[in-house]
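Work through the exercises below with the structure at hand. Each task is followed by a stepwise solution.

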Amino acid sequence: MILPQQIYDAATQAATILPPPETSHTPLPTVIPDIPRIYFQTSSEVGHRTLWVVCALMGLSSLAFYIMAMRVPVQKRYFHIITALVTTFGFLSYYAMATGDGITPHAYIAGRSKHGVVTDIVMRDVYWARYVDWSLTTPLILLDLCLLAGLDGASILVTVVSDVIMILSGLFAAFSRHKAQGWGWYAIACIAYLNVVYQVGYKGRHAISSKDNRTRTLFASISLFTLLIWTAYPVIWGIAGGARRINVDGEIIAYAVLDIFAKGVFGFWLLLTHDMLARTMPSIDGFWAHGLSHEGVIRVSLTP
């Protein structure tokens, strides 16, 4: 049921996207134009249940990854920790969306009369919590791939920054006030994604060439899998958030399926294979494994 306060709030937000009236010296019209019709696009029970299902899957995956991390030495645990954090953030994001947080209605003009008067306005729910999720999890996934390939620090930094630009541009596109503005942000996100593909697909392939055959095979297959899954995200956004050809439930289900593959399936694939290749995987000692050793403690002297 739509409450009167919701209609008032929607009309107030819709007024901000209406173009200002053109001034003229003609007499004022004697007929008051009709108020634009306002439609609400929200999720149904199907979308709501989908959010809870993915929330549970992310939580169970996180628990499994933490258990797998405890079974390997701390020196070889960095892939486990990074991957477990990915699904942990995914769990928090889906819990927020399933409980009604991280969702904001966004107004856009859906119809005009032959005279250019706005007749229809749609208030569509934008799940901005998923963009917060992606801004945290996609850099971690890329860090997994970059560490597996053995990329240098400069390339890793460029890859992660390009990824953050991609996610933030998608967020700005989701809340754009005009189609041209939204597709402009979408184009920026796609350009940033192409650089991610270049860093992981091209530079990563060259960096991994010096490693053993089984590690090269793992990187080639899991990086190709990840990039193919990631390529589907902008396609879904273009259909759902850009052209708005599918409803909110369809958008939720599409992103849910992609998130399960990009986070859960990716994580199990990487960690199970990593455990079989544990002898050939590099170890990290120092602060990661032992904390601040005696030699690394900063000494402060109070004597002159």
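The exercises concern a predicted model and cover its salt bridges, a helix pair and its nonpolar cores.

**Exercise 1.** Find which residues are joined into one network by salt bridges that share partners.

Solution.
- Step 1. The structure holds 5 salt bridges. In one of them, the side chains of Arg124 and Glu251 meet at 3.0 Å, N to O.
- Step 2. Arg124 belongs to strand β3 (residues 118–126) and Glu251 to helix α8, so this pair ties together parts 127 residues apart in sequence.
- Step 3. Glu251 also forms a salt bridge with Arg130, with the closest N and O atoms 3.5 Å apart. Arg130 lies in helix α4, so this pair links parts 121 residues apart in sequence.
- Step 4. The network therefore consists of Arg124, Arg130 and Glu251, joined through shared partners.

**Exercise 2.** Decide whether Asp133 and Lys263 are buried or exposed.

Solution.
- Step 1. The cut-off for buried is under 20% relative accessible area.
- Step 2. Asp133 has 3% and Lys263 has 2%, so both count as buried.
- Step 3. Asp133 and Lys263 form a salt bridge, their closest N and O atoms being 3.5 Å apart.

**Exercise 3.** Classify the packing of α2 and α3 by angle.

Solution.
- Step 1. The angle is about 155 degrees, and the axes are 8 Å apart.
- Step 2. Angles over 145 degrees count as roughly antiparallel, so α2 and α3 are roughly antiparallel to each other.
- Step 3. Their crossing is left-handed. The contact has 17 nonpolar, 9 polar and no charged residues.

**Exercise 4.** Identify which helix gives the most to the largest nonpolar core.

Solution.
- Step 1. The largest nonpolar core has 44 residues.
- Step 2. Helix α7 gives the most to this core, with 10 residues.

Notes. Residues are numbered from 1 along each chain as its sequence is written. This is a predicted model: local features need pLDDT of at least 70, side-chain atom pairs count only at pLDDT 80 or more; totals for chains, interfaces and linings use all residues. Side-chain values use heavy atoms; hydrogens and water are left out. A nonpolar core is a set of buried Ala, Val, Leu, Ile, Met, Phe, Trp, Tyr and Cys residues joined through side-chain atoms within 4.5 Å. Buried means under 20% relative accessible area, exposed over 50%, partly exposed in between (1.4 Å probe, protein chains only). Helices (H or I, at least four residues) and strands (E, at least two) are DSSP runs, numbered from the N terminus. Axes are lines fitted to C-alpha atoms, for helices over the stretch in contact, and angles run from 0 to 180 degrees between N-to-C directions. Angles under 35 degrees count as roughly parallel, over 145 as roughly antiparallel, 65 to 115 as roughly perpendicular and the rest as oblique. A crossing is left-handed if the near helix is turned anticlockwise from the far one by less than a right angle, and right-handed if clockwise. Ala, Val, Leu, Ile, Met, Phe, Trp, Tyr, Cys and Pro count as nonpolar, Asp, Glu, Lys and Arg as charged, and the others, Gly among them, as polar. A salt bridge is a side-chain nitrogen of Lys or Arg within 4 Å of a carboxyl oxygen of Asp or Glu.
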